[in-house]
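Notebook open, coffee at hand. I want to look at how the chains meet and where the nonpolar cores sit.

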Amino acid sequence: MSRAPAYSDVQAPIYLAFWRTPFFRAFLSSPSGFLALFLAGILFATALLAPLALTKEEVYQRNVRRRLEGPSADHILGTDNLGRDILKRTLYATPLSLQLALSAAGMAIVIGFAAGAVTAYLPGRLRNVALRLIEIMLAFPGILIAIMLVAVVGTSAEGAVLAIGIAFSPSLARVAYTLAAGVAGLDYIASARVLGLSSRRIVARYIIPNIAETLIVVSLNATAAALVAVSSLSFLGLGVQGTQFDWGRLITEGVLRLYQVPLLALAPATAIGITGLTLGYLGEALARGLNPTLWTQTASVQSRSWLQRYFSSETMLLSGSALLLIAFYFLPWFSPDALDPNRTLVTGAAILAGRANLTETAIGSQVALLLLRTGAWIALLLGFLSYFSLRFRRLCAYLGLICGFGAGSYFVSILLADSTNLGAALASARLGFYLGLIATILLIAQVFSDKSATTRGSHNVIHPTSQASVVEADMSLPRPLLQVRGLTVRFDLESGAIAPVNDINLDLAEGEIVGVVGESGSGKSLTALALAQLVPHPGIVSAHYVRLRGEDITRMSAGQLRYFLGSEMAMIFQDPMSSLNPALKIGTQLTEAPRVHRRLSGKDLHRLALDRMADVHISAAERRLRQYPHEFSGGMRQRAMIAMGLMNSPSLIIADEPTTALDVTIQAQIIDVLREINQEQGTTIMLISHDIGVIVEICSRVLVMYAGRIVEDVKVTDLLTTDKHPYTEALIAAVPAFDSNRDEPLASIPGRPPDLDNLPAGCAFAPRCKYVFERCHREAPPLLHVEETHRIACFLRTEPPAEATRE
Amino acid sequence: MTSSQALQRHSADSGTLARLTSRLGPWPRFLLKRAASLFVVLAMLLALTFLLIHLAPGDPAVRKAGIDASAEQIEFERKALGLDQPLPIQFIRYVQGVARLDFGTSFITKQSVTEILQQRFPRTFQLAGTGLLIVMTVSVPLGILVGALTREGRNRRLEVAFMSLTSTSSALPEFLTATFLAFIFAVTLNWLPVGTTQKSTAIILPAISVSLRPVASLARVVRLETLNVLAQDYIRTARSKRLPTYVIFTRHLLPNVLTAALTIGGLVFAGLLGGTVIVENVFAWPGLGQRVVDAVFNLDYPVIQGIVLYFGVIVVLINTAVDILLALVDPRTLVLSE
């Protein structure tokens with residue numbers, strides 16, 4: 001429901017043809033869309049044609065001599081206890097079953113949505129009472145409520161519909177209430193109101209599009225549930241009465257004779273299953289189509305090659321289930337005596353020519369074989385083809401529907417084969433066959449006219465500039481604690497690969513506090529996560545080496561790594577509220593690392609925890625350890641987080657924006673605590689921040705990152721005096737000071753941070769740099785020493801062009 | 001939002017109760033509110049089941065006396081049922097009866113409803129209990145496992161398979177599952193018995209039928225919650241502490257996931273109970289569900305009243321238990337409810 005307000009931006013222009021709309025593309029972007037249309041076609045055709053094609057006698061007439069038979073040529077699925085055809089009865093029950101389900105769902109939807117919407121606009125106290133009522137009704141099993149209601153209104157089809165309609169309405173009322181109450185309170189509705197849009201426009205433009213998806217999906221789910229519930233009641237004998245029958249009632253008869261004729265129960269059961277699946281797929285596909293946030297995702301799927309798409313898991317899986325369904329549907333016609341290709345062709349030709357001089361068997365087996373199998377194969381073919389290209393997809397949707405309809409009508413036609421109504425049989429068969437034919441011709445035409453090649457998304461190639469720089473970056477610090485060479489984090493996305501951290505070389509000396517600064521998206525946090533081996537999936541970390549205390553952690557086994565990093569490195573994260581587990585006591589969270597890595601327990605562990613809490617100035621530590629994070633204040637949580645990091649006396653603490661989520665006064669506390677730890681325990685700290693002020697306050701050295709690379713490595717004391725990287729210069733200029741002239745606008749860096757999947761060829765900062773010259777657009781500048789303790793990645797500083805030096 | 005949350009919000013709004021309880025500690029306050037809402041819901045249940053007999057078409061006295069009964073007989077039955085009294089008196093008598101665990105006698109079998117409940121409930125309890133056991137032992141581990149394997153968009157194939165499987169099985173009504181299972185395991189393979197309660201294996205098929213739908217829907221919720229928890233910052237913190245995977249899962253993930261599972265546990269149980277009504281009729285399992293359907297056929301009102309009330313009380317009690325359990329597991333619930 002937290003949809004972006006920019007709905008109208010992504011909404012398709014009105015003049016787009018329906019099949020070009022993003023809705024339709026998204027609808028069909030997964031096989032479920034196609035399957036939904038196909039199955040819906042079959043269902044509708046059956047529901048419409050079955051009562052027309054089948055006469056009452058066929059369905060009701062008893063034939064005691066042929067009772068409880070297995071499948072045969074005459075009775076495809078066998079006969080029931082009164083000698084009636086199981087398949088015909090199952091098909092004949094389709095319209096009634098669907099009608100009951102739809103009426104019950106419709107009733108539940110009308111009652112529920114109305115009640116929910118009204119509830120949302122009731123005054124406070126009354127609304128609470130109404131909500132409470134809805135909640136209570138929701139807590140009870142729906143079927144039990146329905147059974148009770150049936151007892152009141154009487155056992156009949158109408159009674160069942162009424163009972164289910166009422167029993168299901170509370171859940172729909174809840175959804176409607178949540179939507180109505182939620183949407184009205186959203187920020188963009190408020191802003192639309194402030195902008196002076198009329199109520200009708202707000203409803204049409206903002207509210208309806210935002211709740212339509214949920215309403216439609218919920219309605220479809222309700223229909224599926226109503227189908228199940230009504231047939232459950234019929235099954236129990238509390239629904240459809242007398243000579244009428246729906247699927248549920250057929251199952252009741254079937255269950256009694258499950259041992260003799262299993263198909264008697266299985267045929268209507270499968271019909272319910274298929275209908276449920278259809279509604280489920282339809283809901284899934286509609287939700288996809290109506291959710292604008294998913295449209296772009298669909299587009300990214302497009303950029304995969306057709307081969308990938310063809311063999312994608314979804315296609316395989318859903319095609320498999322489609323095959324199964326269709327196989328079941330057409331199983332009866334794969335009997336050996338029907339497989340005579342010559343006669344099939346002759347019969348087909350005869351039907352096409354309109355000559356009705358056919359024997360009953362010809363229609364019964366041949367027509368069915370030819371037409372049904374054609375329809376089935378076309379539909380299956382289309383199912384697969386629809387993933388080859390977008391252009392096919394719209395066609396496939398129509399064809400899927402046509403074929404589904406066609407298959408349905410063929411299906412009915414065979415039922416008439418042994419009936420007296422030959423004319424109707426032929427008309428039905430002919431209609432289906434023509435539809436199939438049209439579908440095939442359209443398909444072939446489309447195949448030949450589609451000459452456009454599939455365009456692929458261009459793949460960015462990442463060239464690590466490494467090797468040479470490995471030697472270059474050697475800073476020969478006195479006592480190096482951490483040495484990193486060629487650290488790169490890569491994400492292989494469908495649109496190409498990106499490297500948010502690219503070829504980082506850095507050294508940290510023991511006891512140093514080093515700052516890492518950069519705009520958001522510069523890769524500083526990801527660098528920290530990469531050092532800690534915590535990069536999220538699907539990021540790939542590579543490095544020449546990452547040595548901590550001289551040990552290369554990239555070559556360690558998982559077990560070694562766990563022990564080594566567990567005791568040598570600690571991390572502190574940005575938001576202490578979300579970074580502490582809300583369900584565990586602070587004490588538990590503090591002690592679990594030393595318990596595992598140092599095998600401490602009992603009193604020793606407790607004393608250690610108290611010591612560390614004292615280190616970060618948390619008073620009443622004994623009591624605090626027993627509390628939960630929500631009982632701490634923000635600053636105290638972050639100090640507890642630091643205490644947690646200190647538990648194993650690590651040699652390196654990586655603090656990722658530890659002060660960003662806190663008030664300015666609290667920030668100072670945290671900075672002080674970090675400084676004390678550094679001074680008293682000699683812990684090396686890598687402090688990541690976008691706030692250069694914080695860095696200057698505490699760090700001795702600063703690393704400036706831009707677009708995944710280090711662009712400058714400089715002592716904080718030199719920051720204001722020497723020549724710097726233009727980006728660093730701009731960062732410093734952007735910090736407002738108390739003595740800045742208030743009349744002048746605040747300094748900001750022109751342009752936008754770079755797009756990682758579309759980096760410029762040369763220096764990434766070149767487009768925003770005011771000193772830019774020609775070479776910057778050609779090559780990426782390497783990070784080079786300009787002094788013993790100063791590295792810069794900028795041609796202006798390392799190899800200045802003639803005119804720049806004159807300046 | 002769950003029912004318990006909504007109930008809490010409601011209780012927080014009602015002024016008098018809040019004032020009354022403001023001097024108590026969080027736990028007594030919480031329990032008092034639960035007791036109050038329990039009382040209200042039970043009162044509503046009583047009223048609804050009482051109204052059943054009056055909303056229904058036809059005269060219960062005629063039902064009881066039989067169609068060819070004389071006018072005197074009908075009048076006698078009406079007196080016996082107390083239907084000649086004004087409604088409020090009837091309601092008070094009904095409540096008094098329920099308080100004495102006297103729900104009246106069946107019109108048809110003349111058996112007392114209390115006796116029916118005593119006879120039938122153990123069977124339903126056996127079925128629902130086994131079902132609940134299956135739901136809990138299957139769906140929670142399954143959801144966590146699939147959630148862990150599909151986190152951050154890993155294993156797309158598994159995700160699609162899981163989603164298709166669970167959406168298909170949650171779309172299958174209980175009586176279909178029951179029919180299919182009976183066909184496969186009883187008819188075709190002849191492994192398990194149906195239509196009997198004599199053999200100990202007879203409960204297997206009904207219990208699976210009744211639990212398949214709740215298993216599927218709960219496993220989906222657990223998986224979503226697992227994904228949700230795994231994406232939390234505190235899991236990253238736990239990983240940064242280099243805790244062994246099993247510690248991360250059992251200590252940091254499980255309590256949070258279980259809380260979510262428990263929150264919808266009440267609804268799942270209600271669904272399960274509804275399922276037993278259907279499944280009992282498929283497998284001729286002699287529980288309350290089978291009896292209530294018989295009673296509806298015969299418009300045997302006291303039996304319908306008694307059984308619906310009984311089911312209702314169980315659901316209400318379970319929901320209250322879930323709420324209290326939730327407060328024990330997750331102490332934030334207590335704070336939130338203030």
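My entries on the interface come before those on the cores.

**Entry: the interface**

I reminded myself at the start that this is a predicted model. I looked up the contacts between the two chains and got 76 residues of chain B against 73 residues of chain A. Then I checked the area: chain B and chain A bury about 6700 Å² between them, and carbon and sulfur atoms account for 71% of that. On the chain B side I asked which residues lose the most area to chain A. They are B:F175, B:K241 and B:R242, which together make up 12% of what that side buries.

**Entry: charges and polar pairs**

How many salt bridges are there between chain B and chain A? I have 2 in the count. I noted down the one that joins B:R251 to A:E592, where the closest N and O atoms are 2.6 Å apart. For polar contacts across the interface, the rule gave me 11 residue pairs, with both residues at pLDDT 80 or more. I also sorted the chain B side that touches chain A by class: 46 residues are nonpolar, 17 polar and 13 charged.

**Entry: the cores**

The largest nonpolar core has 139 residues. Among those with the most contacts inside it I wrote down A:I147, A:L233, A:F235, A:L238 and B:I304. Where does this core lie with respect to domain 1 and domain 2 of chain A? Both domain 1 (32-93 + 245-303) and domain 2 (97-243) give residues to this core, so it lies between them.

I picked A:L238 for a closer look. Leaving out residues up to four places away in sequence, A:L238 touches residues including A:I147, A:V150, A:A160 and A:L233, and from chain B it touches B:V293, B:V296 and B:F297.

Last note: a second, separate core has 101 residues, including A:V546, A:V714, A:C769 and A:I792.

Notes. Residues numbered from 1 in each chain as written. Chains lettered and ligands numbered in written order. Predicted model: local features only at pLDDT ≥ 70, side-chain atom pairs only at ≥ 80, totals over all residues. Heavy atoms only, no water. Contact = heavy atoms within 4.5 Å. Buried area = accessible area lost by both parts, 1.4 Å probe. Salt bridge = Lys/Arg side-chain N within 4 Å of Asp/Glu carboxyl O. Polar contact = N/O pair within 3.5 Å; in protein donor to acceptor, adjacent residues only side chain to side chain. Nonpolar A, V, L, I, M, F, W, Y, C, P; charged D, E, K, R; others polar. Core = buried A, V, L, I, M, F, W, Y, C linked by side-chain atoms within 4.5 Å. Buried < 20%, exposed > 50% of the residue type's maximum accessible area, 1.4 Å probe, protein only. Domains from an automatic or database assignment.
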